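This report describes the fold and the interior of one protein model. The sequence and structure are shown first, and the description follows.

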Amino acid sequence: MNLKVGDIIQFERTFTKEEVELFTKISMDEGKHHTNPDELGRLVVQGLLTATLPTKIGGDYNVLARTMNFEFFRPVFTGDTISCAVTIEKLEKKDTKRMSVMATFKCMNQNEKQVLGGNFAGVILTRD
């Protein structure tokens, strides 16, 4: 694993109507804004579906999260492309199999407006 403090890992995703419909079914978060399109034909993406951006990056690095804090700044709509930047703030070797990690993240829409921010902490499993 080549992570170090200060590294920034990025991921980008465009949310679709089908994803919101599937997440609505799975989560049972059936608010009308998730099921009834607005005047432009868009659905509001569930906050926790938006939050899968930083968790995807955590999954890429085998992070077992202990804490996650999210702040939602503005809605995300189907068709929006969201980029997520995760910054590694702290890494500390615990033993031969684990490192503790703390990271912050910032998610921006295609108009360069922040939609989500927060942080997470946990452990990285370094060996199976």
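## The β4-β5 hairpin

In this predicted model, strands β4 and β5 form a hairpin, with five residues between them. Glutamate 112 lies in the turn and has a positive phi of about 60 degrees. The two strands pair in the antiparallel sense over 11 bridges. Within this pairing, methionine 108 stands opposite glutamine 114 of β5.

## The β3-β4 hairpin

Strand β4 is also part of a second hairpin, in which four residues join β3 to β4. Here β3 and β4 run antiparallel and are joined by 10 bridges. Lysine 93 has methionine 99, in β4, as its bridge partner.

## The sheet as a whole

These strands belong to an open sheet of five strands, arranged in the order β1-β3-β4-β5-β2 with antiparallel pairing. Its edge strands are β1, residues 8-14, and β2, residues 63-72; each of them pairs on one side only. From one strand to the next, the twist averages 20 degrees.

Helix α4, formed by residues 52-60, packs on this sheet. The helix touches β1, β2, β3, β4 (98-108) and β5 (114-125), and its direction makes about 130 degrees with that of β1.

## The edge strands and their partners

At one edge, β1 is joined by seven bridges to β3, which comprises residues 81-93; the two strands run antiparallel. Phenylalanine 11 stands opposite cysteine 84 of β3, and the bridge partner of glutamine 10 is alanine 85, likewise in β3.

At the other edge, β2 pairs with β5 in the antiparallel sense over nine bridges. Valine 63 has isoleucine 124, in β5, as its bridge partner.

## Threonine 50 in helix α3

Helix α3 covers residues 47-50 and contains threonine 50. Is this residue, threonine 50, buried or exposed? Its relative accessible area is 3%. Buried means under 20%, so threonine 50 counts as buried.

Which residues does threonine 50 contact, leaving aside its neighbours within four places in sequence? They are Phe15, Val45, Val76 and Leu116.

## The internal cavity

Rolling a probe the size of a water molecule over the atoms shows where empty space is left. How many cavities of 30 Å³ or more does the structure hold? There is one, and the largest cavity has a volume of about 50 Å³.

The lining of the largest cavity is made up of Leu3, Ile9, Ile57, Gly58, Tyr61, Val63, Val86, Ile88, Val101, Phe120 and Ile124. At least two of the lining residues come from each of α4, β3 and β5. By class, 10 lining residues are nonpolar and one is polar, while no charged residue takes part. Because Gly counts as polar, the polar member of the lining is Gly58.

Valine 63 and isoleucine 124 link this cavity to the sheet: both residues line the largest cavity, and they are bridge partners. Helix α4, which packs on the sheet, is likewise among the elements that supply at least two residues of the lining.

Key:
Residues are numbered from 1 along each chain as its sequence is written. This is a predicted model: local features need pLDDT of at least 70, side-chain atom pairs count only at pLDDT 80 or more; totals for chains, interfaces and linings use all residues. Side-chain values use heavy atoms; hydrogens and water are left out. Two strands pair if DSSP finds at least two bridges between them. Axes are lines fitted to C-alpha atoms, for helices over the stretch in contact, and angles run from 0 to 180 degrees between N-to-C directions. Contact means heavy atoms within 4.5 Å. Buried means under 20% relative accessible area, exposed over 50%, partly exposed in between (1.4 Å probe, protein chains only). On a 1 Å grid over the protein atoms alone, a cavity is a set of points where a 1.4 Å probe fits but cannot get out, and a pocket is an open set with protein on both sides within 12 Å along at least five of seven lines; lining residues have an atom within 4 Å of a point. Grid points are joined across faces, edges and corners, and a volume is the space filled by probe spheres set on the points.
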